[in-house]
Amino acid sequence: MAGYAVVDLETTGLDSTRRDRVVELSVVHVSPIGEITGQWETLVNPRRDLGPQRIHRVTAAQILRAPTFDQVAGELARLLAGRVMVAHNLRFDGGFLASEYARHGYRVPLGPHVGMCTMQLGQRYLPGAGRSLADCCAAFGITIEDAHRASADAFATARLLGGYLRMDPEGPRWRQELELAGEHPWPSFFGDEAPWMAREHAEARDEHFLARLVENLPTTHADGEQTAYLASLDQALLDRHISVAEADALVTIAAELGIDRITATGLHRAYLGQLATAALVDGRVTAAELADLRQVGDLLGLTVYDVDHALRDAPRGRPPVIDRFVLERGDRVVFTGEMSQPRPDWEQRALDAGLNVHPAVTKKVKLLVAADPDTLSGKGRKARDYGIPVITEDAFAGMLDRGL
């Protein structure tokens, strides 16, 4: 008898049968006598927005390069096959996994009634202790180190299972479930597989997008191509943050326009110089303006010395020469994701500023305001297809505070 496979999931929501998807999963192997023998985890790209990010704390930037469920389904099946699936709230986790497999055309021996639920077992072994994972773990002195991360919750659930086994080592249900698990057939899985990706790997800092550009190309590009690149750069910097999606887009645009790394660096210095010119229109640079220039310089792969040179060489008293993005009264804006403030509050602020709040992204929309700038929502994908800027709610608030 192989033992138990303890599973925990983080998801985009609660509806496993329709629109919600898994965004993270972890499996912990436990021997028949309660010893932990192995642990695995991965983020899962749901190809949609991530739902309540304040709970699971998974960001779209982490998810962008994570495998999809069909790419981890085979390995997950190998980790579960022949074992008793255990979860704290088996109805939720078992039902979600069964739905994910069914969505890809597989019937598997999983579901809300196949396996063992540590929450239900708590009613027998821990009467009065409470139903939550934290409550049940507290009865055994088990600490959950990073709650609502799949690996932390699965590990805590595995230790909880071990506690139950020690309390009742001869309980007949343990053997019954172990014997049944060995009799459930699993289908063969076909298709491409991808390595599992834990949060730490997804959070590893990517090299700067400049380093991904071609090092040297013949200088045949025209001024119009440089202007197009600068316009894209200006849109990406609206919220003073270059998201993973924006960095990828800038690399793609540079390649399409034939702009190599050396040329791009020169354009970045020129862009910084134009911002310095704008800051010096009134003859002085405030502390806030200097901090902004340094932030932009850092985002563009430049140094504080480049900022100093830009300020030193900028002409005084002249208006900026760059054609900047401007949000004007009557422009259409769209919101997506679970904001830190209620969506109706943001929509009202936009209306009060004279903007037109639109329910869907079309080519006539000027701006998308997102809870996460790397959002995988349909609105986010459509905005990027149309070249519409995607900014954070904090950046949008700053635009409104400065006035249209």
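**Why these labels? Burial, bridges and rings**

User: Why is aspartate 306 called buried?

Analyst: Aspartate 306 has a relative accessible area of 14%. Buried means under 20%, so aspartate 306 gets that label. Keep in mind that this is a predicted model.

User: What makes arginine 269 and aspartate 306 a salt bridge?

Analyst: Their closest N and O atoms are 2.9 Å apart, and the cut-off is 4 Å, so the pair qualifies. Arginine 269 sits in helix H12 and aspartate 306 in helix H14, 37 residues apart, which makes this a link between distant parts of the chain.

User: And why does arginine 269 count as partly exposed?

Analyst: Its relative accessibility is 45%. Partly exposed covers the range between 20% and 50%, so that's where arginine 269 belongs.

User: How many salt bridges are there?

Analyst: The count comes to 19. Some of them join up: Arg19, Asp20, Arg48 and Asp49 are linked in a network.

User: How do you know that arginine 149 and glutamate 200 form a salt bridge?

Analyst: Again, look at the closest N and O atoms: they're 2.8 Å apart, and within 4 Å is what's needed. The two residues come from distant parts of the chain, 51 residues apart. Arginine 149 is in the loop between helix H6 (133-139) and helix H7 (150-167), while glutamate 200 is in helix H9. Arginine 149 counts as buried because its relative accessibility is 9%, whereas glutamate 200, at 47%, counts as partly exposed.

User: What separates glutamate 100 and arginine 103?

Analyst: About one helical turn, because they're 3 residues apart in helix H4. Their side chains meet in a salt bridge, at 3.2 Å from N to O. Glutamate 100 has a relative accessible area of 3%, so it's buried. Arginine 103 comes out at 31%, so it's partly exposed.

User: Why does aspartate 260 have no salt bridge?

Analyst: The nearest side chain of opposite charge belongs to arginine 261, and that's 8.1 Å away. A salt bridge has to be within 4 Å, so this pair doesn't count. Aspartate 260 is buried all the same, and lies in the loop between H11 and H12. Its side chain does make a polar contact, at 2.7 Å, with the side chain of threonine 263.

User: What makes the meeting of threonine 118 and histidine 88 a polar contact?

Analyst: Their side chains are joined at 2.7 Å, and the limit for such a contact is 3.5 Å. Threonine 118 is found in helix H5 (residues 118-125). With a relative accessible area of 0%, threonine 118 is buried. Beyond four places in sequence, it touches Val86, Ala87, His88, Thr157, Leu160, Leu161 and Tyr164.

User: How many aromatic pairs are there, and why is the pair of tyrosine 101 and phenylalanine 189 called tilted?

Analyst: There are 11 aromatic pairs. In this one, the ring centres are 5.5 Å apart and the planes are at 50°. Stacked needs under 30 degrees and edge-to-face over 60, so 50° leaves this pair tilted. Tyrosine 101 is in helix H4 (residues 90-103), and phenylalanine 189 is in the loop between helix H8 (172-181) and helix H9 (199-203), 88 residues apart. Tyrosine 101 is buried, at 1% relative accessibility, while phenylalanine 189 is partly exposed, at 22%.

User: Then why are phenylalanine 335 and phenylalanine 396 edge-to-face?

Analyst: Their planes are at 80°, over the 60 degrees required, and the centres are 5.6 Å apart, within the 6.5 Å limit for a pair. Phenylalanine 335 belongs to strand S6 (residues 332-336) and phenylalanine 396 to helix H17 (residues 393-402), 61 residues apart. Both are buried.

User: Which residues do ring pairs link into a cluster?

Analyst: Tyr4, Tyr125, Phe140, Tyr164 and Trp174.

User: Which residues touch the most other members in the largest nonpolar core?

Analyst: Phe209, Tyr229, Leu233, Leu237 and Tyr271, out of 30 residues. Several helices give two or more residues to this core, including helix H10 (223-236) and helix H11 (244-257), but H12 gives the most, with 6. Apart from this core lies another, of 28 residues, with Val27, Val72, Phe96 and Trp196 among them.

Notes
Residues numbered from 1 in each chain as written. Predicted model: local features only at pLDDT ≥ 70, side-chain atom pairs only at ≥ 80, totals over all residues. Heavy atoms only, no water. Phe/Tyr/Trp six-rings, centres within 6.5 Å; stacked < 30°, edge-to-face > 60°. Helix = DSSP H or I, 4+ residues; strand = E, 2+ residues; numbered from the N terminus. Buried < 20%, exposed > 50% of the residue type's maximum accessible area, 1.4 Å probe, protein only. Core = buried A, V, L, I, M, F, W, Y, C linked by side-chain atoms within 4.5 Å. Lys, Arg positive; Asp, Glu negative; His and termini not counted. Polar contact = N/O pair within 3.5 Å; in protein donor to acceptor, adjacent residues only side chain to side chain. Contact = heavy atoms within 4.5 Å.
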